[in-house]
Amino acid sequence: MPVNPDLVGRTYPQSGPYPVDAATVAAFAAAVGATDPVHTDAEAARAAGYADVVAPPTLAVRYAQASEAAYVQDPEAGIDFSRVVHGEERFVHHRPMVAGDEVVGTVTVDAVRQAGGHSMVTTRTELATAGGEALSTVTSLLVVRGGED
Amino acid sequence: MAARPLASVSVGDVVGPVTVPVGRDTLVAYAEASLDGNPIHQDEDFARSVGLPDVIAHGMWTMGASGSVVADWAGDPGRVVEFGTRFTKPVVVPVGGAEVVVEGVVTAVDEGTGRVTVDVTTTSAGQKVLGRCVAVVRLD
């Protein structure tokens, strides 16, 4: 089933809040080889001017993908997730994410196009705090491989 | 660490290269921290069943590891204000593990805004695995 082009422009209801906790920041930092103490030591983070430990630049993907699920899992979208390959990812950070943030995400379907038998789906997720402070704009391109069946 | 001073940065400055090891344990840790539990990153039988040569790293792990190198160079991870990439080739992670090599070059310095553009090249087994990988760091 092809990806439904009629959903382009649709914005899904906000998801979350997802609490950012220090343990998640530390675990993610360790996994991507981020050794700066501002990821693990609240004192070091405060000394650097942050309210608490700082997320690595790509931790936002955890909350963006949680938000994107509203679209990707929408039966109307026509996305077979077993055929999805991640094509591109882009972050624009409005301010660094820190432990203690309560993140909410709002996903918009920016584009659906066909290329080489595949569907190329671009989503844009606006991450903000529950209080409405902008955190990150996360753009993701998913390639949904066309079926041979 | 303190952020790198803007005045010390010029177009052509080099970031890295830094070699980052990646093992199956790395991918388990990344899956747990990112909530991306796709079995192609864990289970070699599953990976082969969908036509892959072996377990592959999450593209987002590769991007994240590359971001760590840029953040270390900037001296403060909160200075990375933009970061984008294409995922062009998988990083194959056999049982014995693999490595990625991350390097970058400063391609633009905006003295007015403090925005410094870094083009990032990440390779594994001699092949580029990220395309158009660009970070912008904001320095004072």
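This is a short tour of chain A and of the largest pocket in a predicted model.

Before selecting anything, note that residues are numbered from 1 along each chain as its sequence is written, while chains are lettered from A and ligands numbered from 1 in the order in which they are written. Because the model is predicted, local features need pLDDT of at least 70 and side-chain atom pairs count only at pLDDT 80 or more, whereas totals for chains, interfaces and linings use all residues; side-chain values use heavy atoms, with hydrogens and water left out.

Select chain A and show it as a cartoon: its secondary structure comes to three helices and five strands (DSSP runs, H or I of at least four residues for helices and E of at least two for strands, numbered from the N terminus). Following the sequence, you meet them in the pattern β-α-α-α-β-β-β-β, and the C-alpha atoms fill a box of roughly 55 × 30 × 20 Å along the principal axes. Of the 149 residues in chain A, 51% are buried (under 20% relative accessible area, with a 1.4 Å probe and protein chains only).

Next, select A:Val84, A:Val85, A:His86, B:Asn38 and B:His41, which lie nearest the centre of the largest pocket among its 39 lining residues (on a 1 Å grid over the protein atoms alone, a pocket is an open set of points where a 1.4 Å probe fits, with protein on both sides within 12 Å along at least five of seven lines, and lining residues have an atom within 4 Å of a point). Then colour helix 3 (60-72) and strand 2 (84-93) of chain A and helix 3 (59-74) of chain B, the elements that each give two or more residues to this lining; helix 3 of chain A supplies the largest share, six residues.

Key: Buried means under 20% relative accessible area, exposed over 50%, partly exposed in between (1.4 Å probe, protein chains only).
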